[in-house]
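Trainee: Could you take me through this structure slowly, and show me how each descriptive word is justified?

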Amino acid sequence: MIEKKPKIQVALDLLDLEKAIEIGQASIQGGIDILEAGTPLIEKFGAVQVLNEIMKIAGDKPITADLKIADAGYISAKIAFECGAKIVTVLAAASDKTIEGVIEASREFNGKVMADLIVSREIESDIDKALSLGVDYILIHTGLDEQAKGKTAVNELLKYVKLIPEGKLAVAGGINPDNITDVLRFNPAIIIVGGAITKSQDPVNVVKKLREIIGNYY
């Protein structure tokens, strides 16, 4: 049975590891479901250090390593899974072999794979490819640079959500308490929230508010 109520993932896209850990702890206090080791954090400090530090606070919360793997799929994913990640991201635009390598590593470590559409140009074919190879989630992702040009997660969902089976949709891109209801009508499995939490003066209450909205919706 597919769980209808989506999980909330906090994207710790920071350049300060101590601050990321602090916000991660606050997010857990607020009731977050998944902690994400964000790409900038991993680029600055390395996957091993970042994941090891997040593991110290995660408890039973799963960790996503947002590696956006483009090549060397098995090796790259294995690094993250060995450090405790439960979900690893790969670019949906990557080659079949790369995605297959990430999936192979995920099965070895009982993890999951999220295919990110952030750089895809052939979105429909990339969705079909990733699903046929066996990824667990497809991420409709409106990145920061695209958000700056006026794109929104909802606009992208309207275009492509019909191609993604129930239980496999993840969504990210400017989601906050004011617009999360617009996202909920697409029944995502995972909703990724970054700046609304990480830039808040009170991340605990932001997470609580998001959970309250989700609870009232379902």
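**Reading the barrel and its helices**

Mentor: Let us begin with the strands of this predicted model: 8 of them form a closed barrel in the order β1-β2-β3-β4-β5-β6-β7-β8, with parallel pairing, and the twist from one strand to the next averages 25°.

Trainee: How do you know that β5 and β6 pair?

Mentor: Pairing requires at least two bridges between two strands, and strand β5 (residues 112-116) and strand β6 (residues 137-141) are joined in the parallel sense over 3 bridges, so the requirement is met. Within this pair of strands, M114 stands opposite Y137 in β6.

Trainee: Which strands does helix α4 touch?

Mentor: Helix α4 (residues 73-82) packs on the sheet, where it touches β3 (63-69), β4 (87-91) and β5, and its direction makes about 160° with that of β3.

Trainee: Why are α1 and α3 called roughly parallel?

Mentor: Helix α1 (residues 17-30) and helix α3 (residues 47-58) pack at an angle of about 30°, with axes 10 Å apart. Angles under 35 degrees count as roughly parallel, and α1 and α3 are therefore described in that way. Their crossing is right-handed.

Trainee: Which residues make the contact of α1 with α3?

Mentor: From α1 come L17, I21, G24, Q25 and I28, which meet Q49, V50, E53, I54, I57 and A58 of α3. Sorted by class, this contact has 7 nonpolar, 3 polar and 1 charged residues.

Trainee: What makes α1 oblique to α11?

Mentor: Here α1 and helix α11 (residues 203-217) pack at an angle of about 40°, with their axes 8 Å apart. That angle makes α1 oblique to α11, because the cut-off for roughly parallel is under 35 degrees, and roughly perpendicular covers 65 to 115. The crossing of α1 and α11 is right-handed.

Trainee: Which residues of α1 and α11 meet each other?

Mentor: A26, S27, Q29 and G30 in α1 meet P203, V204, V207, K208 and R211 in α11, and the residues of this contact divide into 4 nonpolar, 3 polar and 2 charged.

Trainee: How many aromatic pairs does the structure hold, and why is the pair of F81 and F109 called stacked?

Mentor: There are 2 aromatic pairs. The ring centres of F81 and F109 lie 6.1 Å apart, and their planes are at 15°; centres within 6.5 Å make a pair, and planes under 30 degrees apart count as stacked, so this pair is stacked. The pair links distant parts of the chain, since F81 is in helix α4 and F109 is in the loop between α5 (96-108) and β5, 28 residues apart.

Notes. Residues are numbered from 1 along each chain as its sequence is written. This is a predicted model: local features need pLDDT of at least 70, side-chain atom pairs count only at pLDDT 80 or more; totals for chains, interfaces and linings use all residues. Side-chain values use heavy atoms; hydrogens and water are left out. Axes are lines fitted to C-alpha atoms, for helices over the stretch in contact, and angles run from 0 to 180 degrees between N-to-C directions. Helices (H or I, at least four residues) and strands (E, at least two) are DSSP runs, numbered from the N terminus. Angles under 35 degrees count as roughly parallel, over 145 as roughly antiparallel, 65 to 115 as roughly perpendicular and the rest as oblique. A crossing is left-handed if the near helix is turned anticlockwise from the far one by less than a right angle, and right-handed if clockwise. Contact means heavy atoms within 4.5 Å. Ala, Val, Leu, Ile, Met, Phe, Trp, Tyr, Cys and Pro count as nonpolar, Asp, Glu, Lys and Arg as charged, and the others, Gly among them, as polar. Rings of Phe, Tyr and Trp (its six-membered ring) pair if their centres lie within 6.5 Å; planes under 30 degrees apart count as stacked, over 60 as edge-to-face and the rest as tilted.
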